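Here is a short report on one protein model. Keep the structure in view while reading.

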Amino acid sequence: HMNIRSYHSDDCQAILSLFYETIHKINRRDYTREQIEAWTNNHNIDPIAWNLSLTHHKTLVAEMDNTIVGFGDLNGNFLDRLYVHAEYQRRGIATAIMDRLERYAAEQNYATIVTHASITAYPFFQGRNYQLVKEQQVERYGVFLKNMIMQKELLIK
């Protein structure tokens, strides 16, 4: 059984380790070790900055087995992050989070949602009718990582 709820500060440490582990285990398929290190800030992730950001954004957390198995956050109509626990892939977790975040954005009267999808996440967003706007190279600590700017039209209720 999956439970989806709002983020609170107590979740931050679990979310940071989920973020780190997922990138190192799952995104490793599509990015080099050097890119992975840069993406995870060379092990210098700032928990205070993350907590502040997750608190200010509309952040949803998914739980199963008393474990945080995924999270996603919206900043206005920009989907900032969406990560699923490496051991809980392909169980509908990202789908459940996105269903709620898209509904929330529509309720806020946004016409679109925009995200910068990793190579790994690209097929997931394609499957949710996100359109490719353009590919880009993002620089982190002198290392370039490819991602895709994608956008979805929201049906305003």
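The report below covers the sheet, two helices that lie on it, and the nonpolar cores.

This is a predicted model.

**The sheet**

Start with the strands. Seven of them form an open sheet: 7 strands in the order β1-β2-β3-β4-β5-β7-β6, with mixed pairing. At the edges stand β1 (3–6) and β6 (131–140), and each of these pairs on one side only. From one strand to the next, the twist averages 25°. Inside the sheet, β4 and β5 pair in the parallel sense over 2 bridges. Phe-78 stands opposite Val-114 in β5.

**Helices on the sheet**

Helix α1 packs on the sheet and touches β2, β3 and β4. Helix α3 lies across β2, β3 and β4 as well. The table gives the directions.

| Pair | Angle |
|---|---|
| α1 and β3 | about 95° |
| α3 and β4 | about 115° |
| α1 and α3 | roughly 105° |

How do the two helices meet? Their axes, those of α1 and α3, come within 10 Å. They cross at roughly 105°, and angles of 65 to 115 degrees count as roughly perpendicular. Therefore α1 and α3 are roughly perpendicular to each other. On the α1 side, the contact is made by Cys-12, Gln-13, Ile-15, Leu-16 and Phe-19. On the α3 side, Pro-47, Trp-50, Asn-51 and Leu-54 take part.

**A look at α1**

Helix α1 spans residues 12–25, which is 14 residues. From its first C-alpha to its last it reaches 20 Å, close to the 20 Å expected at 1.5 Å a residue. Which residues of α1 are buried? They are Cys-12, Ile-15, Leu-16, Leu-18, Phe-19, Tyr-20, Thr-22, Ile-23 and His-24. These buried residues pack against α2 (33–39), α3 (47–56), β2 (58–64), β3 (67–75) and β4 (78–84).

**The cores**

In soluble globular proteins, nonpolar side chains tend to be buried together. Here the largest nonpolar core has 25 residues. Leu-79, Ile-93, Ile-97 and Phe-125 have the most contacts inside it. Two or more residues each come from β2, β3, β4, α4 (93–107), β5 (112–118), α5 (122–127) and β7 (143–153). The largest share, 7 residues, comes from α4.

Another core lies apart from this one. It has 19 residues, among them Tyr-7, Leu-18, Ile-36 and Val-61. Leu-18 is also one of the buried residues of α1.

Back in the largest core, what does Phe-125 touch? Leaving aside residues up to four places away in sequence, Phe-125 touches Leu-79, Leu-82, Met-98, Thr-115, Ala-117, Tyr-130 and Met-150.

Note on methods:
Residues are numbered from 1 along each chain as its sequence is written. This is a predicted model: local features need pLDDT of at least 70, side-chain atom pairs count only at pLDDT 80 or more; totals for chains, interfaces and linings use all residues. Side-chain values use heavy atoms; hydrogens and water are left out. Helices (H or I, at least four residues) and strands (E, at least two) are DSSP runs, numbered from the N terminus. The expected span of a helix is 1.5 Å times one less than its number of residues. Buried means under 20% relative accessible area, exposed over 50%, partly exposed in between (1.4 Å probe, protein chains only). Contact means heavy atoms within 4.5 Å. A nonpolar core is a set of buried Ala, Val, Leu, Ile, Met, Phe, Trp, Tyr and Cys residues joined through side-chain atoms within 4.5 Å. Two strands pair if DSSP finds at least two bridges between them. Axes are lines fitted to C-alpha atoms, for helices over the stretch in contact, and angles run from 0 to 180 degrees between N-to-C directions. Angles under 35 degrees count as roughly parallel, over 145 as roughly antiparallel, 65 to 115 as roughly perpendicular and the rest as oblique.
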